[in-house]
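Here is a short note for a colleague who will look at the model before setting up any calculation. Please read it with the structure open.

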Amino acid sequence: MSQEMTRDATNHDLVARLSARLGPAGVLTQEADMAPYAVDWRRLFPGRPACVVRPASTAEVADAVRLCRAAGAAMVPQGGNTGLAGGAAPDASGTQVVVSLARMNAVRAVDPVGLTLTAEAGCVLGTAQAAAEAAGRLLPVSFAAEGSAMLGGVIATNAGGLNVVRYGMTRGLVLGLEVVLADGTVVDGLRALRKDNAGYDWKQWFIGTEGTLGLVTAAVMRLAARPRHVATALLAVPDPDAALRLFTLAQEELGDCIQAFELISGLSLDLVGRHSTLTRPVEPAPWYVLLEAASSLPALREAAEGMLGTAFERGDALDGVLAESGQQAAGLWALREGITEAEAKEGRGVKHDVSVPITAIPAFLEAAGRALAEGAPGARANAFGHMGDGNIHYNVLAAPDHDGDAINRLVHGVVDRFGGSISAEHGIGQYRVAELLRHRRPEEIALARRIKAALDPDGLLNPGKVLSGQILPR
Ligand code: MLT
Ligand code: ZN
(Lines give C-alpha, C1' and ligand atoms only; values in the text may rest on other atoms or scores of the structure.)
(Ligands and ions follow the chains in the order given, each with its own letter.)
Protein backbone atom coordinates (compact mmCIF):
# COMPACT_ATOMS: atom_id res chain seq x y z
CA MET A 1 0.00 0.00 0.00
CA SER A 2 1.30 3.49 -0.83
CA GLN A 3 1.87 5.99 1.96
CA GLU A 4 -1.10 7.99 0.74
CA MET A 5 -3.42 4.94 0.79
CA THR A 6 -2.28 4.05 4.33
CA ARG A 7 -2.93 7.63 5.40
CA ASP A 8 -6.40 7.64 3.82
CA ALA A 9 -7.28 4.32 5.47
CA THR A 10 -6.11 5.58 8.90
CA ASN A 11 -8.03 8.84 8.41
CA HIS A 12 -11.13 6.96 7.33
CA ASP A 13 -11.01 4.76 10.38
CA LEU A 14 -10.44 7.67 12.75
CA VAL A 15 -13.19 9.77 11.18
CA ALA A 16 -15.61 6.83 11.57
CA ARG A 17 -14.74 6.52 15.28
CA LEU A 18 -14.96 10.26 15.88
CA SER A 19 -18.33 10.41 14.08
CA ALA A 20 -19.66 7.51 16.14
CA ARG A 21 -18.74 9.39 19.33
CA LEU A 22 -19.54 13.02 18.39
CA GLY A 23 -22.41 12.51 15.95
CA PRO A 24 -22.68 14.07 12.48
CA ALA A 25 -22.76 17.66 13.82
CA GLY A 26 -19.50 17.01 15.61
CA VAL A 27 -17.31 16.03 12.65
CA LEU A 28 -16.74 17.88 9.37
CA THR A 29 -15.08 16.10 6.49
CA GLN A 30 -16.16 17.96 3.34
CA GLU A 31 -13.55 20.31 1.97
CA ALA A 32 -16.00 23.22 1.70
CA ASP A 33 -17.13 22.75 5.32
CA MET A 34 -13.55 22.53 6.53
CA ALA A 35 -12.29 25.51 4.52
CA PRO A 36 -12.79 28.17 7.23
CA TYR A 37 -10.82 26.05 9.70
CA ALA A 38 -8.01 25.18 7.29
CA VAL A 39 -6.28 28.55 7.08
CA ASP A 40 -5.47 31.45 9.39
CA TRP A 41 -7.34 34.69 8.73
CA ARG A 42 -4.33 36.39 7.11
CA ARG A 43 -4.21 33.38 4.77
CA LEU A 44 -0.49 32.96 5.32
CA PHE A 45 -0.68 29.31 6.39
CA PRO A 46 -3.05 27.33 4.19
CA GLY A 47 -3.52 23.82 5.52
CA ARG A 48 -5.55 20.68 4.85
CA PRO A 49 -7.01 18.91 7.88
CA ALA A 50 -7.95 15.22 7.97
CA CYS A 51 -11.21 16.40 9.52
CA VAL A 52 -12.57 19.06 11.87
CA VAL A 53 -14.14 17.92 15.12
CA ARG A 54 -16.56 20.16 16.97
CA PRO A 55 -17.08 18.68 20.44
CA ALA A 56 -19.96 20.10 22.46
CA SER A 57 -18.70 19.23 25.96
CA THR A 58 -15.50 18.63 27.89
CA ALA A 59 -16.26 14.88 27.91
CA GLU A 60 -16.49 14.96 24.11
CA VAL A 61 -13.17 16.82 23.87
CA ALA A 62 -11.57 14.20 26.10
CA ASP A 63 -12.95 11.33 24.02
CA ALA A 64 -11.91 12.98 20.76
CA VAL A 65 -8.39 13.41 22.14
CA ARG A 66 -8.28 9.73 23.21
CA LEU A 67 -9.41 8.58 19.77
CA CYS A 68 -6.90 10.81 17.97
CA ARG A 69 -4.13 9.65 20.25
CA ALA A 70 -4.95 6.01 19.68
CA ALA A 71 -4.74 6.65 15.93
CA GLY A 72 -1.51 8.65 16.29
CA ALA A 73 -3.23 11.70 14.79
CA ALA A 74 -2.00 15.21 15.59
CA MET A 75 -4.55 17.67 16.98
CA VAL A 76 -4.77 21.41 16.33
CA PRO A 77 -6.99 23.24 18.84
CA GLN A 78 -8.85 26.18 17.35
CA GLY A 79 -11.09 28.94 18.71
CA GLY A 80 -12.10 32.01 16.70
CA ASN A 81 -9.09 31.59 14.40
CA THR A 82 -8.19 35.27 14.69
CA GLY A 83 -4.57 34.74 15.78
CA LEU A 84 -1.80 36.59 14.01
CA ALA A 85 0.90 33.91 14.16
CA GLY A 86 -0.78 30.89 12.53
CA GLY A 87 -0.98 28.99 15.82
CA ALA A 88 -4.43 27.54 15.17
CA ALA A 89 -4.03 26.45 11.54
CA PRO A 90 -3.33 22.82 10.58
CA ASP A 91 -0.49 21.87 8.26
CA ALA A 92 -1.02 20.67 4.70
CA SER A 93 -0.37 16.97 5.33
CA GLY A 94 -4.04 16.02 5.43
CA THR A 95 -3.42 14.08 8.65
CA GLN A 96 -4.08 16.65 11.40
CA VAL A 97 -7.41 16.92 13.20
CA VAL A 98 -8.62 20.43 13.93
CA VAL A 99 -10.39 20.50 17.30
CA SER A 100 -12.76 23.47 17.15
CA LEU A 101 -14.05 24.54 20.56
CA ALA A 102 -16.73 26.77 18.99
CA ARG A 103 -19.68 24.70 20.21
CA MET A 104 -18.55 24.94 23.82
CA ASN A 105 -19.66 28.54 24.11
CA ALA A 106 -21.63 28.89 27.35
CA VAL A 107 -21.08 31.55 29.96
CA ARG A 108 -21.58 29.29 32.96
CA ALA A 109 -21.63 31.88 35.76
CA VAL A 110 -21.01 35.51 36.60
CA ASP A 111 -20.36 36.52 40.22
CA PRO A 112 -20.52 40.33 40.44
CA VAL A 113 -19.55 40.33 44.13
CA GLY A 114 -16.68 37.91 43.94
CA LEU A 115 -15.79 39.50 40.56
CA THR A 116 -15.50 36.33 38.52
CA LEU A 117 -16.88 34.95 35.26
CA THR A 118 -16.82 31.28 34.33
CA ALA A 119 -17.13 30.43 30.66
CA GLU A 120 -16.31 27.73 28.16
CA ALA A 121 -13.44 27.91 25.69
CA GLY A 122 -15.63 28.59 22.65
CA CYS A 123 -17.33 31.61 24.21
CA VAL A 124 -16.65 34.63 22.01
CA LEU A 125 -14.72 37.26 23.96
CA GLY A 126 -17.32 39.92 23.11
CA THR A 127 -20.07 37.67 24.52
CA ALA A 128 -18.14 37.19 27.76
CA GLN A 129 -17.55 40.95 27.97
CA ALA A 130 -21.29 41.55 27.47
CA ALA A 131 -22.17 39.04 30.21
CA ALA A 132 -19.83 40.87 32.60
CA GLU A 133 -21.32 44.20 31.57
CA ALA A 134 -24.87 42.95 32.12
CA ALA A 135 -23.81 42.27 35.71
CA GLY A 136 -22.32 45.77 35.98
CA ARG A 137 -18.73 44.52 35.85
CA LEU A 138 -15.82 44.58 33.41
CA LEU A 139 -13.92 41.74 31.75
CA PRO A 140 -10.80 43.73 31.04
CA VAL A 141 -9.39 41.96 27.99
CA SER A 142 -10.05 43.93 24.84
CA PHE A 143 -8.65 43.95 21.30
CA ALA A 144 -9.83 44.52 17.76
CA ALA A 145 -10.82 40.88 17.08
CA GLU A 146 -12.94 40.55 20.25
CA GLY A 147 -16.10 40.00 18.18
CA SER A 148 -14.73 36.67 16.89
CA ALA A 149 -11.87 35.63 19.18
CA MET A 150 -12.83 32.94 21.68
CA LEU A 151 -11.87 32.68 25.32
CA GLY A 152 -9.88 29.46 24.89
CA GLY A 153 -7.70 31.11 22.24
CA VAL A 154 -7.36 34.28 24.29
CA ILE A 155 -5.98 32.11 27.11
CA ALA A 156 -3.92 29.78 24.92
CA THR A 157 -2.15 32.82 23.41
CA ASN A 158 -2.04 34.85 26.64
CA ALA A 159 -3.56 37.69 24.63
CA GLY A 160 -2.63 41.27 25.43
CA GLY A 161 -4.58 44.03 23.73
CA LEU A 162 -5.57 47.56 24.58
CA ASN A 163 -5.84 47.60 28.36
CA VAL A 164 -2.71 45.78 29.48
CA VAL A 165 -1.28 49.01 30.85
CA ARG A 166 -3.91 48.85 33.59
CA TYR A 167 -5.07 45.25 33.92
CA GLY A 168 -2.08 43.21 32.74
CA MET A 169 -2.01 40.31 30.30
CA THR A 170 -4.59 37.53 30.15
CA ARG A 171 -2.35 35.33 32.32
CA GLY A 172 -3.03 37.51 35.34
CA LEU A 173 -6.79 37.44 34.76
CA VAL A 174 -7.20 33.65 34.72
CA LEU A 175 -8.15 32.41 38.18
CA GLY A 176 -9.10 28.86 37.29
CA LEU A 177 -8.75 26.56 34.32
CA GLU A 178 -10.12 23.29 33.00
CA VAL A 179 -7.89 21.47 30.51
CA VAL A 180 -7.81 18.21 28.62
CA LEU A 181 -4.36 16.64 28.55
CA ALA A 182 -2.76 14.82 25.62
CA ASP A 183 -3.96 11.45 26.96
CA GLY A 184 -7.56 12.63 27.38
CA THR A 185 -7.37 13.23 31.14
CA VAL A 186 -9.63 16.10 32.22
CA VAL A 187 -8.04 18.34 34.86
CA ASP A 188 -10.67 20.47 36.56
CA GLY A 189 -9.12 23.48 38.24
CA LEU A 190 -12.12 25.79 37.89
CA ARG A 191 -11.52 27.44 41.25
CA ALA A 192 -12.72 31.02 41.67
CA LEU A 193 -10.04 31.98 44.16
CA ARG A 194 -8.00 35.17 44.39
CA LYS A 195 -5.35 33.52 46.48
CA ASP A 196 -4.28 29.96 45.91
CA ASN A 197 -0.73 28.95 46.65
CA ALA A 198 -1.52 25.28 47.13
CA GLY A 199 1.22 23.64 45.12
CA TYR A 200 2.22 24.27 41.52
CA ASP A 201 0.19 26.89 39.71
CA TRP A 202 -0.19 24.40 36.86
CA LYS A 203 -2.71 26.45 34.92
CA GLN A 204 0.18 28.70 33.85
CA TRP A 205 1.59 25.80 31.80
CA PHE A 206 -1.43 26.04 29.51
CA ILE A 207 -1.69 29.83 29.30
CA GLY A 208 0.29 31.21 26.37
CA THR A 209 1.51 27.79 25.21
CA GLU A 210 -0.84 27.77 22.22
CA GLY A 211 -2.37 24.34 22.71
CA THR A 212 0.98 22.54 22.62
CA LEU A 213 0.62 21.16 26.17
CA GLY A 214 -3.13 20.63 26.52
CA LEU A 215 -6.53 21.91 25.39
CA VAL A 216 -8.21 24.65 27.39
CA THR A 217 -11.92 23.83 27.73
CA ALA A 218 -13.18 26.35 30.33
CA ALA A 219 -11.90 29.09 32.60
CA VAL A 220 -12.72 31.30 35.55
CA MET A 221 -11.77 34.88 34.68
CA ARG A 222 -11.20 37.74 37.10
CA LEU A 223 -13.51 40.70 36.57
CA ALA A 224 -12.97 44.30 37.59
CA ALA A 225 -15.25 47.08 38.77
CA ARG A 226 -16.70 48.94 35.79
CA PRO A 227 -15.52 52.56 36.02
CA ARG A 228 -18.41 55.00 35.66
CA HIS A 229 -16.45 57.78 33.98
CA VAL A 230 -14.23 57.41 30.96
CA ALA A 231 -12.07 60.05 29.26
CA THR A 232 -10.82 59.21 25.78
CA ALA A 233 -8.57 61.54 23.81
CA LEU A 234 -6.82 61.41 20.45
CA LEU A 235 -3.79 63.69 20.34
CA ALA A 236 -1.57 64.66 17.44
CA VAL A 237 2.05 64.64 18.60
CA PRO A 238 5.28 65.71 16.90
CA ASP A 239 7.34 62.60 17.61
CA PRO A 240 7.65 59.50 19.83
CA ASP A 241 9.74 61.46 22.38
CA ALA A 242 6.78 63.78 22.90
CA ALA A 243 4.53 60.72 23.23
CA LEU A 244 6.80 59.37 25.95
CA ARG A 245 6.71 62.70 27.80
CA LEU A 246 2.91 62.58 27.53
CA PHE A 247 2.93 59.12 29.06
CA THR A 248 4.93 60.39 32.02
CA LEU A 249 2.60 63.37 32.39
CA ALA A 250 -0.46 61.10 32.22
CA GLN A 251 1.01 58.90 34.93
CA GLU A 252 1.60 61.91 37.14
CA GLU A 253 -1.80 63.51 36.55
CA LEU A 254 -4.08 60.52 36.04
CA GLY A 255 -2.14 57.82 37.85
CA ASP A 256 -3.64 54.36 37.80
CA CYS A 257 -6.72 55.63 35.92
CA ILE A 258 -4.83 55.24 32.62
CA GLN A 259 -6.34 52.22 30.91
CA ALA A 260 -4.93 52.64 27.42
CA PHE A 261 -2.00 54.53 25.99
CA GLU A 262 -1.59 53.79 22.30
CA LEU A 263 0.97 55.19 19.89
CA ILE A 264 -0.21 55.46 16.28
CA SER A 265 1.87 56.51 13.28
CA GLY A 266 0.59 59.00 10.73
CA LEU A 267 0.81 56.23 8.14
CA SER A 268 -1.54 54.04 10.19
CA LEU A 269 -4.29 56.64 10.06
CA ASP A 270 -3.55 57.34 6.38
CA LEU A 271 -4.18 53.63 5.68
CA VAL A 272 -7.39 53.63 7.74
CA GLY A 273 -8.52 56.71 5.80
CA ARG A 274 -7.68 55.05 2.48
CA HIS A 275 -9.39 51.74 3.16
CA SER A 276 -12.45 52.77 5.18
CA THR A 277 -14.90 55.63 5.51
CA LEU A 278 -13.45 56.71 8.86
CA THR A 279 -11.87 60.14 9.15
CA ARG A 280 -9.52 61.51 11.80
CA PRO A 281 -10.94 64.41 13.81
CA VAL A 282 -7.53 66.04 14.31
CA GLU A 283 -4.90 67.70 12.13
CA PRO A 284 -2.60 65.41 10.11
CA ALA A 285 0.56 64.76 12.14
CA PRO A 286 3.52 62.38 12.10
CA TRP A 287 2.29 60.57 15.22
CA TYR A 288 -0.77 60.26 17.42
CA VAL A 289 -1.54 59.09 20.92
CA LEU A 290 -4.85 57.54 21.87
CA LEU A 291 -5.18 57.92 25.59
CA GLU A 292 -7.97 56.56 27.74
CA ALA A 293 -8.45 56.98 31.48
CA ALA A 294 -11.33 55.65 33.55
CA SER A 295 -12.51 56.01 37.11
CA SER A 296 -15.63 55.87 39.19
CA LEU A 297 -14.80 59.27 40.63
CA PRO A 298 -16.41 62.23 38.80
CA ALA A 299 -13.21 64.32 39.06
CA LEU A 300 -11.72 62.29 36.20
CA ARG A 301 -12.75 64.61 33.38
CA GLU A 302 -11.38 67.69 35.10
CA ALA A 303 -8.08 65.88 35.71
CA ALA A 304 -7.95 64.77 32.06
CA GLU A 305 -8.64 68.31 30.82
CA GLY A 306 -5.92 69.67 33.10
CA MET A 307 -3.45 67.09 31.82
CA LEU A 308 -4.24 67.87 28.19
CA GLY A 309 -3.90 71.62 28.85
CA THR A 310 -0.39 71.06 30.20
CA ALA A 311 0.47 68.86 27.19
CA PHE A 312 -0.56 71.64 24.77
CA GLU A 313 1.35 74.28 26.76
CA ARG A 314 4.49 72.17 26.60
CA GLY A 315 4.10 71.57 22.88
CA ASP A 316 3.93 67.81 23.37
CA ALA A 317 0.42 67.77 21.90
CA LEU A 318 -0.16 69.72 18.68
CA ASP A 319 -3.86 69.13 18.30
CA GLY A 320 -6.36 66.86 19.94
CA VAL A 321 -9.87 65.91 20.80
CA LEU A 322 -11.29 64.76 24.12
CA ALA A 323 -14.40 62.70 23.39
CA GLU A 324 -17.65 64.33 24.53
CA SER A 325 -19.69 61.14 24.44
CA GLY A 326 -19.37 57.36 24.44
CA GLN A 327 -20.19 57.44 20.75
CA GLN A 328 -17.37 59.86 19.99
CA ALA A 329 -14.97 57.73 22.03
CA ALA A 330 -16.07 54.67 20.06
CA GLY A 331 -15.28 56.62 16.87
CA LEU A 332 -11.72 57.25 18.10
CA TRP A 333 -11.30 53.59 18.95
CA ALA A 334 -12.63 52.58 15.53
CA LEU A 335 -9.70 54.44 13.97
CA ARG A 336 -7.24 52.56 16.16
CA GLU A 337 -8.92 49.20 15.74
CA GLY A 338 -9.19 49.65 11.99
CA ILE A 339 -5.41 49.67 11.47
CA THR A 340 -4.89 45.91 11.11
CA GLU A 341 -7.64 45.54 8.54
CA ALA A 342 -6.48 48.61 6.62
CA GLU A 343 -2.94 47.20 6.54
CA ALA A 344 -4.25 43.90 5.18
CA LYS A 345 -6.12 45.75 2.42
CA GLU A 346 -2.99 47.72 1.55
CA GLY A 347 -1.12 44.52 0.77
CA ARG A 348 0.79 41.76 2.46
CA GLY A 349 2.96 43.17 5.22
CA VAL A 350 5.61 41.75 7.46
CA LYS A 351 4.26 41.92 10.99
CA HIS A 352 6.27 42.41 14.11
CA ASP A 353 4.97 42.27 17.63
CA VAL A 354 7.89 43.44 19.69
CA SER A 355 8.39 44.91 23.12
CA VAL A 356 11.20 47.00 24.50
CA PRO A 357 11.48 48.95 27.76
CA ILE A 358 8.96 51.81 27.46
CA THR A 359 11.64 54.47 27.80
CA ALA A 360 13.54 52.94 24.87
CA ILE A 361 10.62 53.18 22.40
CA PRO A 362 11.70 56.43 20.67
CA ALA A 363 15.29 55.21 20.28
CA PHE A 364 14.08 51.80 19.10
CA LEU A 365 11.85 53.38 16.44
CA GLU A 366 14.71 55.50 15.19
CA ALA A 367 17.18 52.61 15.09
CA ALA A 368 14.68 50.29 13.39
CA GLY A 369 13.91 52.99 10.80
CA ARG A 370 17.62 53.32 10.03
CA ALA A 371 18.12 49.56 9.79
CA LEU A 372 15.15 49.25 7.45
CA ALA A 373 16.29 52.09 5.19
CA GLU A 374 19.66 50.38 4.84
CA GLY A 375 18.55 46.75 4.68
CA ALA A 376 15.24 46.99 2.83
CA PRO A 377 15.18 50.22 0.84
CA GLY A 378 11.70 51.20 -0.28
CA ALA A 379 9.94 49.32 2.50
CA ARG A 380 7.61 51.43 4.64
CA ALA A 381 7.45 51.00 8.40
CA ASN A 382 4.01 51.26 9.92
CA ALA A 383 4.58 51.40 13.64
CA PHE A 384 1.75 51.52 16.14
CA GLY A 385 0.80 49.77 19.31
CA HIS A 386 0.51 49.69 23.02
CA MET A 387 3.14 52.20 24.07
CA GLY A 388 1.97 52.15 27.68
CA ASP A 389 3.16 48.57 28.03
CA GLY A 390 6.17 48.76 25.71
CA ASN A 391 4.59 46.78 22.86
CA ILE A 392 5.05 48.14 19.34
CA HIS A 393 3.72 46.54 16.17
CA TYR A 394 6.55 47.48 13.85
CA ASN A 395 4.81 46.31 10.72
CA VAL A 396 6.62 46.64 7.43
CA LEU A 397 4.85 47.24 4.14
CA ALA A 398 7.21 45.91 1.52
CA ALA A 399 7.18 45.03 -2.17
CA PRO A 400 5.27 41.81 -3.06
CA ASP A 401 8.55 39.95 -3.67
CA HIS A 402 10.03 40.97 -0.32
CA ASP A 403 12.05 38.57 1.78
CA GLY A 404 9.95 38.47 4.94
CA ASP A 405 12.49 36.43 6.90
CA ALA A 406 15.25 38.93 6.16
CA ILE A 407 13.01 41.80 7.31
CA ASN A 408 12.17 39.85 10.47
CA ARG A 409 15.83 39.29 11.23
CA LEU A 410 16.61 42.93 10.63
CA VAL A 411 13.90 44.28 12.95
CA HIS A 412 14.48 41.62 15.61
CA GLY A 413 18.18 42.39 15.56
CA VAL A 414 17.32 45.93 16.64
CA VAL A 415 14.95 44.55 19.28
CA ASP A 416 17.83 42.52 20.73
CA ARG A 417 19.96 45.60 21.02
CA PHE A 418 17.32 47.14 23.28
CA GLY A 419 16.84 44.02 25.41
CA GLY A 420 13.37 43.44 23.97
CA SER A 421 11.15 40.51 23.03
CA ILE A 422 10.26 39.32 19.52
CA SER A 423 6.74 38.42 20.59
CA ALA A 424 4.99 40.67 23.07
CA GLU A 425 1.40 39.49 22.72
CA HIS A 426 0.67 37.54 19.51
CA GLY A 427 2.60 34.40 20.44
CA ILE A 428 4.88 32.28 18.29
CA GLY A 429 2.46 30.05 16.35
CA GLN A 430 4.10 28.93 13.10
CA TYR A 431 5.13 32.42 12.12
CA ARG A 432 7.93 32.96 14.63
CA VAL A 433 9.22 29.46 15.40
CA ALA A 434 12.60 30.05 13.76
CA GLU A 435 12.94 33.47 15.32
CA LEU A 436 12.18 32.11 18.80
CA LEU A 437 15.08 29.69 18.40
CA ARG A 438 17.37 32.52 17.41
CA HIS A 439 16.34 34.84 20.22
CA ARG A 440 15.95 32.63 23.29
CA ARG A 441 18.84 30.98 25.08
CA PRO A 442 19.46 27.28 24.34
CA GLU A 443 18.75 26.44 28.00
CA GLU A 444 15.35 28.15 27.74
CA ILE A 445 14.46 26.16 24.62
CA ALA A 446 15.72 22.92 26.21
CA LEU A 447 13.63 23.59 29.31
CA ALA A 448 10.54 24.20 27.18
CA ARG A 449 11.19 20.93 25.31
CA ARG A 450 11.43 19.02 28.58
CA ILE A 451 8.03 20.34 29.62
CA LYS A 452 6.64 19.48 26.18
CA ALA A 453 8.05 15.96 26.40
CA ALA A 454 6.51 15.46 29.86
CA LEU A 455 3.03 16.64 28.92
CA ASP A 456 2.83 15.56 25.29
CA PRO A 457 5.25 12.64 24.94
CA ASP A 458 3.91 11.62 21.53
CA GLY A 459 4.13 15.15 20.16
CA LEU A 460 0.49 15.13 19.00
CA LEU A 461 -0.64 18.48 20.40
CA ASN A 462 -0.31 21.25 17.84
CA PRO A 463 3.02 20.04 16.43
CA GLY A 464 5.18 22.58 14.62
CA LYS A 465 3.85 25.44 16.72
CA VAL A 466 5.97 27.38 19.22
CA LEU A 467 8.69 24.71 19.37
CA SER A 468 10.22 23.30 16.25
CA GLY A 469 11.72 19.93 15.52
CA GLN A 470 11.62 16.78 17.51
CA ILE A 471 10.79 16.77 21.16
CA LEU A 472 13.38 15.22 23.43
CA PRO A 473 13.21 11.44 23.66
CA ARG A 474 11.67 10.16 26.88
C1 MLT B 1 -3.25 45.42 17.26
O2 MLT B 1 -2.81 45.84 18.35
O3 MLT B 1 -4.09 46.07 16.61
C4 MLT B 1 -2.76 44.11 16.71
O5 MLT B 1 -2.31 43.34 17.79
C6 MLT B 1 -1.61 44.40 15.81
C7 MLT B 1 -1.44 43.86 14.44
O8 MLT B 1 -2.40 43.60 13.73
O9 MLT B 1 -0.26 43.74 14.01
ZN1 ZN C 1 -1.65 44.65 19.54
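The points below go through the domains, one domain contact, the ligand shell and two helix pairs of this predicted model.

1. Domain layout. The protein chain is assigned four stretches: domain 1 covers 3-100, domain 2 covers 107-225, domain 3 covers 229-340 and domain 4 covers 347-430.

2. Record annotation. An unreviewed UniProt entry lists residues 45-226 under "domain: FAD-binding PCMH-type". In the model, this span is 19% helix and 24% strand, and its end C-alpha atoms are 39 Å apart.

3. Domain 1 against domain 2. Taken over C-alpha atoms, the centres of domain 1 and domain 2 are separated by 24 Å. Domain 1 puts 15 residues into the contact, and domain 2 puts in 22 residues. On the domain 1 side, helix H3 (residues 58-71) supplies the largest share, with seven residues. That side of domain 1 is mixed in class: six nonpolar, six polar and three charged residues.

4. Ligand 1. Which residues surround ligand 1? The shell consists of Leu-84, Ala-144, Ile-339, Thr-340, Lys-351, Gly-385, His-393 and Asn-395. Two elements, helix H11 (339-346) and strand S19 (391-397), each give two or more residues to this shell. Its class count is three nonpolar, four polar and one charged. The charged residue is Lys-351, because Lys counts as charged.

5. Helices H7 and H9. Helix H7 (residues 240-254) crosses helix H9 (residues 300-313) at roughly 145 degrees, and their axes come within 10 Å. The crossing is right-handed. From H7, the residues in contact are Leu-246, Leu-249, Ala-250, Glu-253 and Leu-254; from H9 they are Ala-303, Ala-304, Gly-306, Met-307, Thr-310 and Ala-311. This contact has eight nonpolar residues, two polar and one charged.

6. Helices H12 and H13. Helix H12 (residues 361-375) packs on helix H13 (residues 404-417) at about 150 degrees, with 9 Å between the axes. H12 and H13 also cross in the right-handed sense. On the H12 side the contact is made by Phe-364, Ala-367, Ala-368, Ala-371, Leu-372 and Gly-375, and on the H13 side by Leu-410, Val-411, Val-414 and Arg-417. By class, the residues of this contact are eight nonpolar, one polar and one charged. Gly-375 is the polar residue, because Gly is counted as polar.

How values were computed: Residues are numbered from 1 along each chain as its sequence is written. Chains are lettered from A and ligands numbered from 1 in the order in which they are written. This is a predicted model: local features need pLDDT of at least 70, side-chain atom pairs count only at pLDDT 80 or more; totals for chains, interfaces and linings use all residues. UniProt positions are given in the numbering used here, feature names are shortened, and annotations may be inferred rather than shown by experiment. Helices (H or I, at least four residues) and strands (E, at least two) are DSSP runs, numbered from the N terminus. A residue is near a molecule or strand if its C-beta atom, placed from the backbone, lies within 6 Å of it. Axes are lines fitted to C-alpha atoms, for helices over the stretch in contact, and angles run from 0 to 180 degrees between N-to-C directions. A crossing is left-handed if the near helix is turned anticlockwise from the far one by less than a right angle, and right-handed if clockwise. Two residues are in contact if their C-beta atoms, placed from the backbone, lie within 7 Å. Domain bounds come from an automatic or database domain assignment.
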